[in-house]
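Open the model in your viewer and keep the selection tool at hand. We will go from one stop to the next, with a short note on what to select and what is there.

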Amino acid sequence: MNNNVISTEERALPDLNGSALEKTEYHSSSVRETDEIASRFAKIIKGGETILMYGELGAGKTTFTKALFKALGVTDTVTSPTFTLMKTYYGKYTVHHLDMYRIETEEDVEELGLREEIEGSDVTVIEWNKFTDFIGAVYAVSIEYLGENTRKITIALLQKNA
Ligand SMILES: Nc1ncnc2c1ncn2[C@@H]1O[C@H](COP(=O)(O)OP(=O)(O)OP(=O)(O)O)[C@@H](O)[C@H]1O
Ligand SMILES: [Mg+2]
């Protein structure tokens, strides 16, 4: 397939300058500011989106996800899905949080049946994504470590809802 949103090589971090349909950059100086950026982003969520989180270990992917889910009405405590691969929460939408760090290939993903768990109106956040094609709108959120409390956060629209 050559119409993938993200090529295999780009899964580590898509070229947000080249492939983004829209792109906004933010500067965060604290966890609180990252939380604010995430809750502002939550306002454009309509259901059916996939949000790919990019950034090194400890960049703030889970921190951003927690604030996003809270803004989407999730009241349960959100914890890292590293060992469970996927966690599902219920708020304004059914939201899934995937961590595909330990998954090698897209074939492994298909075998695990993760895709079958996700329905059309669900919101899915993926850390260490291994998928290459998606149904519905796709956003990339890239968090770049600048200093102990500072981050550059880029939110890009990669694919529009069909
Ligand atoms: N401006 C900031 N935005 C987000 N996190 C920040 C910021 N400043 C400091 N931090 C800290 O950075 C850490 C981010 O950890 P987090 O678990 O969210 O990273 P991660 O990208 O999910 O890592 P992993 O790849 O290990 O899952 C937290 O300890 C958080 O308190
Ligand atoms: Mg994490």
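**Stop 1: a pair in the middle of the tour's sheet**

Start by selecting L52, whose bridge partner in strand 6 is A140. One step back along the chain, I51 stands opposite Y139 of strand 6. Now widen the selection to residues 50–54 and 138–147: these are strand 2 and strand 6, which run parallel and are joined by five bridges. Keep in mind as you look that this is a predicted model.

**Stop 2: from strand 6 to strand 7**

Keep strand 6 selected and add strand 7, residues 150–159. Strand 6 and strand 7 pair in the antiparallel sense, over nine bridges. To find your place in this pairing, label I143, which stands opposite I153 in strand 7. Then follow the chain around the turn: strand 6 and strand 7 form a hairpin, with two residues between them.

**Stop 3: the whole sheet**

Show every strand now. In what order do the seven strands of the open sheet lie? Reading across, the order is 1-7-6-2-5-4-3, and the pairing is mixed. The edges are taken by strand 1 (22–28) and strand 3 (86–90); each has a single partner strand, so one side of each is left without a neighbour in the sheet. On average, neighbouring strands here are turned by 15 degrees against each other, direction ignored. As a reminder while you look across the sheet, strands pair through backbone hydrogen bonds, either parallel or antiparallel.

**Stop 4: strand 4 and its two partners**

Select strand 4, residues 94–99. Is strand 4 enclosed or open? Five of its six residues are buried, so strand 4 is largely enclosed by the rest of the structure.

Take the partners one at a time. Strand 3 pairs with strand 4 in the antiparallel sense over five bridges, and K87 stands opposite H97 in strand 4. These two strands form a hairpin with three residues between them. With strand 5 (123–127), strand 4 runs parallel, again joined by five bridges. There, look for L98, which stands opposite I126 in strand 5.

**Stop 5: helix 3**

Next, select residues 61–71, which make up helix 3. This helix is mostly covered, with eight of its 11 residues buried. Colour K61, T62, F64, T65, K66, A67, L68 and F69 to see the buried ones. What do the buried residues of helix 3 pack against? Their packing partners are helix 2 together with strand 2, strand 3, strand 4, strand 5 and strand 6. Just after the helix, pause at G73, where phi is positive, at about 90 degrees.

**Stop 6: V78, in the loop beyond**

Carry on along the chain to V78, found in the loop between helix 3 and strand 3. Is V78 buried, exposed or in between? V78 has 19 other C-beta atoms within 10 Å, and a residue needs 20 or more to count as buried, so V78 is partly exposed. Leaving aside neighbours within four places in sequence, V78 is in contact with T65, K66, F69, Y89 and H97. Draw a distance from V78 to H97, C-alpha to C-alpha: the two are 8.9 Å apart in space and 19 residues apart in sequence.

**Stop 7: W128**

Move to the loop between strand 5 and strand 6, where you will find W128. Phi of W128 is near 55 degrees, a positive value in a residue other than glycine. W128 is also partly exposed, with 18 other C-beta atoms within 10 Å.

**Stop 8: ligand 1 and its shell**

Turn on ligand 1 and select the 18 residues that surround it; the closest are T34, G60, K61, T62 and T63. Helix 2 (31–42), helix 3 and strand 7 each supply at least two residues of this shell. Colour the shell by residue class and you will get three nonpolar, 11 polar and four charged residues.

**Stop 9: zoom out**

Finally, show the entire protein chain, with its four helices and seven strands. Along the sequence the pattern is α-β-α-β-α-β-β-α-β-β-β. The radius of gyration is 15 Å, close to the 15 Å that the globule rule gives for 162 residues, so the chain is as compact as a globular protein of that length. The C-alpha atoms fill a box of roughly 40 × 35 × 30 Å, taken along the principal axes. Buried residues make up 35% of the chain's 162 residues. Among contacts with a separation of 6 or more, 68% are between residues 24 or more positions apart.

Conventions. Residues numbered from 1 in each chain as written. Chains lettered and ligands numbered in written order. Predicted model: local features only at pLDDT ≥ 70, side-chain atom pairs only at ≥ 80, totals over all residues. Near = placed C-beta within 6 Å. Nonpolar A, V, L, I, M, F, W, Y, C, P; charged D, E, K, R; others polar. Pairing = 2+ DSSP bridges. Axes fitted to C-alpha atoms, helices over the stretch in contact; angles between N-to-C directions. Buried ≥ 20, exposed ≤ 12 C-beta atoms within 10 Å, placed from the backbone. Contact = placed C-beta atoms within 7 Å. Rg over C-alpha atoms; globule rule 2.2 N^0.38 Å.
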